Amino acid sequence: MSRAAYDELIRFITESSLLASAASILQVDGETVMPRRGARRRSQQLALLARLRHETFTHPRVGELIAECEADPLMDRAPQSDPAANVRVLRREYDLATRQPAALVAEIARVGGMAAHEWAQARRENDFARFEPWLAQMVALLREKAACIGWDEVRGEPWDALAVEHEPGMTARQIEAVFTPLRKPLGELLDRAEPHRPKIRDRLSAIVLPIEQQDAFTYRVAEAVGFDFTRGRIARGEHPACYGWDANDVRMITRYRRTMLLDTLSSLLHEVGHGLYDQGLPARHFGTPLGRGASLAVHESQSRLWECHVGRSRAFWEWCTPVLRECFGEAVAGLTGEEIFRAANRVHRDCIRTEASEVTYDLHILLRFDLERAMLSGSLNTSDLPTAWNERSETLLGVQPPDDRRGCLQDIHWAEGLFGYFPTYTLGNLYAAQLFAAARRAMPDLDDSIARGEFTSLRDWLQKAIYREGMRYAPGELIERATGAPLSAEALLAHLQARVDTVYA
Ligand code: ZN
């Protein structure tokens, strides 16, 4: 590969990533310590950085350099080599960024801002009719966007074009193939578990615990599972999140309430999962595709692996219950690990996605996937959304939301133009289950290690299988290489079935 062209390309990309990483630190600051009245200047700073980044990345010279690198025989001869992998991803991202006219991007942002505002109002007032014209306008704009990006005219649909931003290479058809086998069995698991719910007590969540002690506890858990505090920080904020542009400076945000420790711990382990991935990415590839997470869904698989497969396991609570006692003393003295393990795995029939249990969460996603796909292809009119939502909710979850506020108005995402995004959550769950099952096969004593508070072997396995590769492989290929099997619903169903069997035995 022409070394000069490749080096110049990487200089452009590094510069655009430096701008993005600076923006993310400003964002963390805004979420944690910025005084409220700093918001106006902060949004100007972020807008400027976003514009500079876009200009750097879409510079015509970048297009020329990508084309020059692509002409090199190395692209075919060694498609997984560092330069070839980087160039391949950059081509896709460059096309995505340059195929949409600036005016359309600006219009989507403008309508998204207004629609989000109207959505908040409509949700408060339970007034779908107020939001509907904005949703209709957004869908029309997104169809235009999809047409600019393009999709496979024979086998594809507009949804595919919008998914490229979130899970490159995934089409609605492929997703349907792995989602369909989930529908019935998840519903059956829910039917089986739900009536027994009153048997499960969650006393831990009711106990009031001092915030300082919660802080010390979560720090201890994060450190034990392997989050490196010389290369990362945890700050307090309203919205749990993880910002990880640089493997050597990963910022997590966590939230505390006076009660609900299980909830706080779940979201901490979730963000730690993202954080471990970010810290495990090769720092020498900073900012280039090889130094970034493989995709949104693969990133989500890492957070869900630690949150659900580790953090809600019996083995984890064997280790964690004594830690809990050390940190909180008398307040938690009467709780056993077994009781907390069961409480952490409660299953309930719910109509709100963000309050869903592990068994129902994916049903919420299937519902959104069906409906956004139908709206984009034109087979569902936005004015018919509430009826379609309620019908689907009944079929999938066995419950109808009492009103639109708790039905089709519950999420902000569609107002902001985020279509093609929700399925990354379920894909993340599928990847996580498949990866954890493979890790267990590779390390038959994994549960014993976790029960001893020994997490290094799992982290090392993930480092080799996932972290170190960055974006070298497409998500599906990465998972197949790591687990020895193509993506399927099997591992997730087996995991959930086993959990329900154990907890409700
Ligand atoms: Zn996440």
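In this predicted model, strand 2 (residues 241-246) pairs with strand 3 in the antiparallel sense. Four bridges join the two strands. They form a hairpin, and two residues lie between them. Within this pairing, Asp246 has Asp249 of strand 3 as its bridge partner. Strand 3 covers residues 249-254 and also pairs with strand 1 (residues 232-236). Here the sense is parallel, and the bridges number five. Ala235 stands opposite Ile253 of strand 3 in the model. Strand 3 thus takes part in an antiparallel pairing with strand 2 and in a parallel pairing with strand 1.

The metal site comes next. A zinc ion is coordinated by three residues: His270, His274 and Glu300. Both histidines contribute NE2, while the glutamate contributes OE. The distances run from 2.1 to 2.3 Å. Along the chain, the donors follow the spacing H-x3-H-x25-E. His274 belongs to helix 11 (residues 261-280), whereas Glu300 belongs to helix 12 (residues 296-310). The pair links distant parts of the chain, 26 residues apart. His274 has a relative accessibility of 11% and therefore counts as buried. Glu300 is buried too, and its relative accessible area is 11%.

Charged side chains were examined next. Side chains of opposite charge can pair when their charged atoms come close. The structure holds 39 salt bridges. Several of the residues involved form a network, in which Glu70, Arg91, Asp95 and Arg99 are linked by salt bridges. Arg91 meets Asp95 with an N to O distance of 3.1 Å. Both residues lie in helix 5 (residues 82-99). They are four residues apart, about one turn of the helix. Asp95 also forms a salt bridge with Arg99, where the closest N and O atoms are 3.5 Å apart. This pair, too, lies in helix 5 with a separation of four residues, about one turn. Asp95 therefore bridges to Arg91 and to Arg99.

Accessibility varies among these partners. Asp95 has a relative accessibility of 19%, so this residue counts as buried, the limit being under 20%. Arg91, at 22%, is partly exposed. Arg99 is also partly exposed, with a relative accessibility of 46%.

Another salt bridge joins Arg257 to Asp263. Their closest N and O atoms are 3.1 Å apart. Arg257 is partly exposed, with a relative accessible area of 31%. Asp263 falls in the partly exposed class as well, at 33% relative accessibility.

Aromatic contacts form the next group. The count comes to 19 aromatic pairs. One of them joins Tyr277 and Tyr467, whose ring centres are 5.5 Å apart. Their planes meet at 25°, so the pair is stacked. Tyr277 lies in helix 11. Tyr467 lies in the loop between helix 19 (456-465) and helix 20 (475-483). The contact therefore ties together parts that are 190 residues apart in sequence. Both tyrosines, Tyr277 and Tyr467, are buried. Helix 11 thus carries Tyr277 of this stacked pair and the zinc ligand His274.

A tilted aromatic pair is formed by Phe316 and Phe455. The distance is 6.4 Å centre to centre, with 50° between the planes. Phe316 lies in helix 13 (residues 314-328). Phe455 lies in the loop between helix 18 (446-451) and helix 19. This pair ties together parts that are 139 residues apart in sequence. Phe316 and Phe455 are both buried.

Ring pairs also build a cluster. Its members are Tyr361, Trp389, Trp414, Phe419, Tyr421, Phe422 and Tyr425. Arginine side chains sit over rings of two of these residues. The charged end of Arg304 sits over the ring of Tyr361, at 5.4 Å from its centre. Arg368 lies over the face of Phe422, also at 5.4 Å from the ring centre. Tyr361 and Phe422 both belong to the cluster.

Note on methods. Residues numbered from 1 in each chain as written. Predicted model: local features only at pLDDT ≥ 70, side-chain atom pairs only at ≥ 80, totals over all residues. Heavy atoms only, no water. Donors = N, O, S within 2.8 Å, 3.2 Å for Na, K, Ca; no water. Buried < 20%, exposed > 50% of the residue type's maximum accessible area, 1.4 Å probe, protein only. Pairing = 2+ DSSP bridges. Salt bridge = Lys/Arg side-chain N within 4 Å of Asp/Glu carboxyl O. Phe/Tyr/Trp six-rings, centres within 6.5 Å; stacked < 30°, edge-to-face > 60°. Lys NZ or Arg CZ within 6 Å of the ring centre and 35° of its normal.
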